[in-house]
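Good morning, colleagues. Today I would like to take you through the pockets and the metal site of one protein. Please look at the display before we begin.

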Amino acid sequence: MQLLRSLAISTRLAIQSPWRKKQIQRMSERGEAPMSVLFYHRVADAPVNPWTISNREFQRHVDYCRDNFELISLEEVQRRLESGHSPRPSVTFTFDDGYSENCELALPLLIRHRIPCTYFVTTENVRHGHPFEHDLRLKHPLPINTVEQLKAAADSGIEIGLHTANHVDFNRVHTVEELNKEIVEAKSNLEEMIERPVRYLAVPFGLPEQMRPAVIETARKCGLIGICSAYGAYNLIGDDSFHIRRFHGDPEFNRFRNWLTYDNRKNLRRPTLPTEDVLNITPEVATKNRQPQLAFS
Ligand SMILES: [Zn+2]
């Protein structure tokens, strides 16, 4: 089944390739080239799970992106969105969670080629070295990054970002205290750990239901400069620059190529985000919030 799907995508890519090239060229000429932000979790050879990509495949992704795109930072994505000018199709690398094995090939590779990357970690897992719940459920507890690894990566130019304190599902958060613990306190804890400012948050799961107004507002008010989703979308001129849209660095190479060569059908399926906080969080004063007047709708 997967083989058939892959074959179908590669046939479509072959047929559409000249048309897609022209489409991207026209968008670039208008200064509206798409900005693709990729997220990965774990680059390693074993054990394989849905959030792992092999070292070889990751190398292939990096080579393909270096050959075909401008590789830019999250900050540059935001700058282009704000200026309303994106002259070339670009790719940005990010990682979520904080798996130790990423320090073996993936991060050194990005560092060697000076490819911008933001690396999002879950602070309590780093602090205690506890494996993730989602790995324990698969009976494969996997090693987590240490503070020393994160500091060394930061020294080499990798930006460390926040992926909450406990990999929380914001769709299940019911109090302002928990929201503050997972974002505001976690941000300052991570800053203490790595001895650097933390500027970005990647929302765990990152689906529209987690991208709640209360989450975005809390991130903004505690001094973060951007927040990343993961539901699969391009960043296009006209989009809000605070919310950076990402899609998965899919291990299936044809699906990966399909996204990066700008599949307009993905835009037609772009979900709308909740504009009201359906969980009815009531405004309260947060103890560690720099600006405690949270005005949740
Ligand atoms: Zn995650």
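Which helices each supply at least two residues of the lining of the largest pocket? In this predicted model, they are α1 (2-29), α2 (55-68) and α10 (253-260). The largest share of that lining, 7 residues, is provided by α1.

Let me turn to the space itself. The largest pocket holds about 360 Å³. It is lined by 14 residues, and those closest to its centre are Ser17, Lys21, Tyr64, Asn68 and Thr261. By character, the lining of the largest pocket comprises 7 nonpolar, 4 polar and 3 charged residues.

The second largest pocket encloses about 290 Å³. Of its 13 lining residues, His41, Trp51, Asp97, His167 and Phe205 are the closest to the centre. Here the division is 5 nonpolar, 5 polar and 3 charged.

Two of those central residues, Asp97 and His167, bring us to the metal. The zinc ion has as its protein donors Asp97 through OD, and His163 and His167 through NE2. These donors lie 2.1 to 2.2 Å from the zinc ion. Along the chain, their spacing reads D-x65-H-x3-H.

Are the two histidine donors buried or exposed? His163 has a relative accessible area of 1%, and is therefore buried, the cut-off being under 20%. His167, at 14% relative accessibility, also counts as buried.

To close, I would draw your attention again to His167, which is a donor of the zinc ion and is among the residues closest to the centre of the second largest pocket. Thank you.

Notes
Residues numbered from 1 in each chain as written. Predicted model: local features only at pLDDT ≥ 70, side-chain atom pairs only at ≥ 80, totals over all residues. Heavy atoms only, no water. 1 Å grid on protein atoms, 1.4 Å probe; cavity = no way out; pocket = protein on both sides within 12 Å on 5 of 7 lines; lining within 4 Å. Points joined across faces, edges and corners; volume = space filled by probe spheres on them. Helix = DSSP H or I, 4+ residues; strand = E, 2+ residues; numbered from the N terminus. Nonpolar A, V, L, I, M, F, W, Y, C, P; charged D, E, K, R; others polar. Donors = N, O, S within 2.8 Å, 3.2 Å for Na, K, Ca; no water. Buried < 20%, exposed > 50% of the residue type's maximum accessible area, 1.4 Å probe, protein only.
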